[in-house]
Amino acid sequence: MIAITTAFAATWTTVTSKETGSYSSAFKFLAFANAFTCGFALLFLSFVFFFGRHGLNPTNHLLFLHDMFLMSLMLSGVAAGTAFGYLGRRGNSHAGWSQTCDPSNK
């Protein structure tokens, strides 16, 4: 439930923010990854709650694969958002991009 709540909060914050970087494909991917993770975690949690049984069965393996897939998706979304934030903070002298966040370095 905590993962679903935090994924929903992150999606809501990313989608409703008025930041200038929200048009970026990296932030769009981050919002998509959060929304996808939230939706499928809620769907699979309800599946396990209603149809799951205790003990070893194929559902346990499916749950493990599902969690691994969602974790990989979230990590790729966070990496994309972090890379865009890093470029905004530090810039890239090789590509000719200057830093846009806090250029005065207080």
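Let me start with a definition: a residue is buried under 20% relative accessible area, exposed over 50%, and partly exposed in between, using a 1.4 Å probe and protein chains only. By that scale Phe 40 is partly exposed, because its relative accessible area is 36%.

What you have above is a predicted model, where local features need pLDDT of at least 70, side-chain atom pairs count only at pLDDT 80 or more, and totals for chains, interfaces and linings use all residues. Residues are numbered from 1 along each chain as its sequence is written, and side-chain values use heavy atoms, with hydrogens and water left out.

Now the overall layout. The protein chain has 3 helices and 0 strands, in the order α-α-α from the N terminus. Helices here are DSSP runs of H or I with at least four residues, strands are runs of E with at least two, and both are numbered from the N terminus. Of the 106 residues in the protein chain, 21% are buried. The chain exposes about 8,000 Å², and carbon and sulfur atoms supply 71% of that area. Accessible areas come from the Shrake-Rupley method with a 1.4 Å probe, and for residues only the protein chains shown count as cover.

UniProt, in an unreviewed entry, places "transmembrane region" at residues 27-51 and 63-87. Its positions are given in the numbering used here, feature names are shortened, and annotations may be inferred rather than shown by experiment. Residues 63-87 are 100% helix and 0% strand in the model, with 36 Å between the end C-alpha atoms.

Next, contacts, meaning heavy atoms within 4.5 Å. Among contacts in the protein chain with a separation of 6 or more, 60% are between residues 24 or more positions apart.

Which residues make up the largest nonpolar core? There are 5: Ile 4, Ala 7, Cys 38, Ala 41 and Leu 70. Helix 1 (2-16) and helix 2 each supply at least two of them. A nonpolar core is a set of buried Ala, Val, Leu, Ile, Met, Phe, Trp, Tyr and Cys residues joined through side-chain atoms within 4.5 Å. Leaving out residues up to four places away in sequence, Ala 41 touches Ile 4, His 66 and Leu 70.

His 66 lies in helix 3 (residues 58-90). Is His 66 buried or exposed? It counts as buried because its relative accessible area is 13%. With the same sequence neighbours left out, up to four places away, His 66 touches Phe 40, Ala 41 and Phe 44.

Asn 34 sits in helix 2 and is buried, at 3% relative accessibility. Beyond four places in sequence, its contacts are Ala 7, Ala 10, Thr 11, Thr 14 and Met 74.

Last, the aromatics. The structure holds 4 aromatic pairs. One of them, Phe 36 with Phe 40, is tilted, at 4.4 Å centre to centre and 40° between the planes. Rings of Phe, Tyr and Trp (its six-membered ring) pair if their centres lie within 6.5 Å; planes under 30 degrees apart are stacked, over 60 edge-to-face, and the rest tilted. Both residues lie in helix 2 (residues 25-51), 4 residues apart, about one turn of the helix. Phe 36 is partly exposed, at 25% relative accessibility.

Phe 32, Phe 36, Phe 40 and Phe 69 form one aromatic cluster. Phe 32, also in helix 2, is partly exposed at 47% relative accessible area. Its C-alpha is 7.7 Å from that of Thr 11, and the two are 21 residues apart in sequence.
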